[in-house]
Amino acid sequence: MQERRKVQRKNLMAYTQVFDLSGGFLLGYLGDLHLQGAMVIGQRPLEENAELILGIELPELPNISTSRITLPVRVAWCQQDISPEFYNVGFEFKEVTPEQTAMIEAIMNNYEFRRDTPPNYPIKPPTEK
């Protein structure tokens, strides 16, 4: 899958709820995000190529007062997580307005899990002499 991906996804630090607005239930939580799609971690598998309306609850964002993005999506893939009680579901956004693009970019910029180089901690505590 990684070799086919053209856009770098952003892993997120915010626990953002994602709902299936067609069925009216919580799908799970946003795992990663980019402008063309998202990965949701949830407790139920979804059928590939199923079409849904997602409601992504927005965390607090500067200069954005909306609390939810509503997007039509296609289930691109679904696989069991390393924890067998969960599933990772990849969604492809079918339509994204310029306003929604700005909101997605704001989420990625404000809540991306940054993998900066860690401080130079000692490998083991110094021994007493």
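Here is a short walk through this protein, from its overall layout to one of its strands. Keep in mind as you look that this is a predicted model.

Let's begin with the whole chain. The protein contains 7 strands and 1 helix. If you follow the chain from the N terminus, the order of these elements is β-β-β-β-β-β-β-α, so the strands come before the helix. Of the 129 residues in the protein, 35% are buried. Its accessible surface adds up to about 8800 Å², and carbon and sulfur atoms supply 50% of that area. You can also ask how far apart along the chain the touching residues are. Among contacts with a separation of 6 or more, 56% join residues that lie 24 or more positions apart.

Now zoom in on strand β3, which covers residues 25–34. This strand is mostly covered, with 7 of its 10 residues buried. What does β3 pair with? One partner is strand β2, residues 17–20, which runs antiparallel to β3 and is joined to it by 4 bridges. Another is strand β4, residues 37–42, also antiparallel to β3, this time over 6 bridges.

Each of these pairs forms a hairpin. Between β2 and β3 there are 4 residues, and in that turn glycine 24 has a positive phi of about 75 degrees. Between β3 and β4 there are 2 residues.

To see how the three strands line up, find tyrosine 29 in β3. Glutamine 17 stands opposite this tyrosine, and tyrosine 29 in turn stands opposite isoleucine 41 in β4. Tracing those residues in the model takes you from β2 across β3 to β4.

Notes:
Residues numbered from 1 in each chain as written. Predicted model: local features only at pLDDT ≥ 70, side-chain atom pairs only at ≥ 80, totals over all residues. Heavy atoms only, no water. Buried < 20%, exposed > 50% of the residue type's maximum accessible area, 1.4 Å probe, protein only. Contact = heavy atoms within 4.5 Å. Areas by Shrake-Rupley, 256 points an atom, 1.4 Å probe, with all protein chains shown as cover. Pairing = 2+ DSSP bridges.
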